[in-house]
Amino acid sequence: MLSFLFRRLLQTIPTVLAVVALVFVLFSVVPGSIVSSMSDDADPQVELRLKKQLGLDEPVYVRFGSYVAKLATGDFGTSFRTREPVTFMIAKRAWPTLQLIFAAMAFSVVIGVPLGFIAALKPGGIVDTLAMVVAVSGLSIAKFWLGLVLMYLFALKLGWLPSFGYGDGGLKYLILPAVTLGVSPMALFARTTRAAVLEIMTADFVRTARSKGMSETRVVKWHVMRNALVIILTTVGLQFGALMGQAVVVEKLYSWPGIGSLLVDSVLQRDIPAVQGSILVVVLSFLAINLLIDVLYGVIDPRIRYA
Amino acid sequence: MTGAPLIEVEDLRIDLDDGSRRVAAAEGVSFRIDRGETFGLVGESGCGKSITALALIGLLRQPLSIGGGTIRFEGREIQHLSAARQRELRGNRIAMIFQEPMTALNPVSPVGRQIAEMFVLHKGKSWREADRLAVEALASVRVPAPERRVKDYPHQLSGGMRQRVMIAIALACGPDLLIADEPTTALDVTVQAEIIELMRNLCAERGTAILMISHDLGLVANVCRRVAVMYAGRIVEERGSADIFRAPSHPYTRGLVDSLPRLGSRAALGRTRLKEIAGVVPAITNFPDGCRFNPRCAHATDICRTIAPAADLLEAGGLVRCHHHA
């Protein structure tokens, strides 16, 4: 197990390097720079001096080399915009993003998985039909639209929840963004769970379980659940990655001070160190979660053992 | 053969509902099995033998359902019992083992736990006590080092070992009837013999009756005292197993016996081809009128094509459904 973890960690190095290189190259070919984003008609003298100061006058490969060298020591560089260390900026914003993603994930798992289970137990029944309507709508609704509707309903009309912002970091600020972000994974989990349970219900070992004389509830509890969990876990893992991407939209919409809104703002202002830092953190979290899921597989399914 | 039979099936009909109409996947199925008896049900795939077994244990699922007839267990009709009452019988008094031991066991549950479930379900044992009994059960099917093996998962066991686990599960509660549906078809020939021996010995020790289902007439005749041959949803012949080999009455049975390869037959008979039965089993939705075997039968006459033959009792015991039986 330990050697497996070590090997997996080694395997992430090329991925990280590729991401760093790709982002770096992309931002050196896109038009505009931190300088042009500040003012439309800057004095060429000022522009030149600023570029020199930020090291932007060097050739791309030199800049890339020095960036990677610093990165290796854990230094993400300094923001062009705020002159703060990027590490510091990210650290400030990591917690709100984590809160948002985990709250959205909790919401979607707690609602989606049981919904899928209940739907699968009586396929074609009322619950099933309703659940699948919810699932299909949940998958097809655009996040920014859903967010606006929720804001209108719960903040403006009913006044139950704050419409946006992080506030004091309390739960009531978290609810709307988390639900907005969690609806589509919830729908996906409901569908995946339903499909997984339906498939497992036709398996030979479920027939064996029935031939033992157990009730359907026990068949599900003792034999179907754990097998379904393997499939659900895969989807949950993949969705973690997707959520980190989608969080950008939701954070922007709710003015949530997370890494997603940092990323958007930094891109608009060509604050390359901040962009790279944010993307890198997202990629690293994605890799970490994938690793965690791989480890969990082994815990749930004895056929998967890592040597 | 005195006293009430253990299980008695009378005129059982199993319907297949394909949404628009109902067709009988099996009909007029009647047989009885006495306590401790070994009874075989033979036929090609799709002849209705497996669904008959599932009907006995109450596991028919849509689109299949019991369309008529009775199943009596110890004299009591069980086909219309409530789900809860059926579950008391299932596993406890009537147990079943299936063909494919790889997929018939839950892949993510240790085999010991899958045996222990039986004691928790039917004997009211605690899990701790049940786990201990599971070791004993595994030992009784001659699995070496059972106290270690109970912790194994199905994929860590060979096919033969897995089928031993299935037998341990089935016999855990000391059932009166064991239904074995092609129990050795998926296994190597050498393992087959071991598993059959084991099953036969354990059942004989405990007085458990066996209903063995197979396409292999040779195997069934070897294990069972009586054999019924099914064709296209009907029992066409039922005999003592020695008789069925010596003098099969139904042309289909004769075909099955003739198609069995015999050891040493080449030396005795020279180079002869194995005999096969021409044609294929008709589809459930397209059974022919009259005797269902008539399109494949060399002796078929007009009456065979119009009237379904009734069961004729044979003098030597047993019955046959053929207008022209020997």
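The expected span of a helix is 1.5 Å times one less than its number of residues. That rule is applied below to two helices of chain A in this predicted model.

## Helix spans in chain A

Helix α10 of chain A, residues 216-253, has 38 residues, and a straight helix of that number would span 56 Å at 1.5 Å a residue. The end C-alpha atoms of α10(A) lie only 45 Å apart. A bend of about 50° occurs in α10(A) at A:V224. After α10(A) comes A:S255, which has a positive phi near 50°.

Helix α1 of chain A, residues 2-29, provides a second case: its 28 residues should span 40 Å at 1.5 Å a residue, and the 42 Å between its end C-alpha atoms agrees with that value. The number of buried residues among the 28 of α1(A) is zero, so this helix lies largely in the open.

## The two chains

The secondary structure of chain A consists of 12 helices and zero strands. Chain B has 12 helices and 12 strands. The radius of gyration of chain B is 21 Å, close to the 20 Å that the globule rule gives for 326 residues, so chain B is as compact as a globular protein of that length.

The following table sets out the values for each chain.

| Property | Chain A | Chain B |
|---|---|---|
| Extent of the C-alpha atoms along the principal axes | chain A: roughly 85 × 55 × 30 Å | chain B: about 65 × 55 × 40 Å |
| Buried residues | chain A: 34% of 307 residues | chain B: 43% of 326 residues |
| Contacts with a separation of 6 or more that join residues 24 or more positions apart | chain A: 72% | chain B: 64% |
| Mean pLDDT | chain A: 84 | chain B: 89 |
| Residues with pLDDT of 70 or more | chain A: 95% | chain B: 95% |

## Contact between the chains

Chain B gives 23 residues to the contact, and chain A gives 19 residues. On the side of chain B that touches chain A, the elements giving two or more residues are α2 (83-89) and α3 (111-123) of chain B. The largest share of that side, four residues, is supplied by α3(B). Sorted by class, the side of chain B that touches chain A has 12 nonpolar, six polar and five charged residues. For the complex, the predictor gives an ipTM of 0.89 and a pTM of 0.80.

## Backbone features in the loops

Most residues other than glycine have a negative phi, and most peptide bonds are trans. The residues below depart from one or the other pattern.

In chain A, A:R270 is a residue other than glycine with a positive phi, near 55°. A:R270 sits in the loop between α11 (259-268) and α12 (272-300) of chain A. There are 21 other C-beta atoms within 10 Å of A:R270, and the cut-off for a buried residue is 20 or more, so A:R270 is buried.

In chain B, B:A232 is not a glycine, yet its phi is positive, at about 50°. The loop that holds B:A232 runs between β9 (226-231) and β10 (234-240) of chain B. B:A232 counts as buried because it has 25 C-beta neighbours inside 10 Å.

The peptide bond that joins B:Q62 and B:P63 is cis, with omega about 5°. B:P63 belongs to the loop between α1 (49-56) and β4 (64-73) of chain B.

## A partly exposed loop residue

A:I141 is in the loop between α6 (126-140) and α7 (143-157) of chain A. With 16 other C-beta atoms within 10 Å, A:I141 is partly exposed. Beyond its neighbours within four places in sequence, A:I141 is in contact with A:L146 and A:V183. A:V183 is 42 residues from A:I141 along the chain, and the C-alpha atoms of the two are separated by 8.8 Å.

## Confidence by element

In chain A, confidence is lowest in helix α2, residues 34-38, at a mean of 66, and highest in helix α9, residues 204-211, at 94. In chain B, helix α11, residues 265-269, has the lowest mean pLDDT, 57, and α3(B) has the highest, 95. Where pLDDT is low, the predicted coordinates should not be read in detail.

Conventions: Residues numbered from 1 in each chain as written. Chains lettered and ligands numbered in written order. Predicted model: local features only at pLDDT ≥ 70, side-chain atom pairs only at ≥ 80, totals over all residues. Contact = placed C-beta atoms within 7 Å. Nonpolar A, V, L, I, M, F, W, Y, C, P; charged D, E, K, R; others polar. Bend = angle between axes of the 7 residues up to and from the residue. pLDDT = per-residue confidence, 0-100. Rg over C-alpha atoms; globule rule 2.2 N^0.38 Å. Buried ≥ 20, exposed ≤ 12 C-beta atoms within 10 Å, placed from the backbone.
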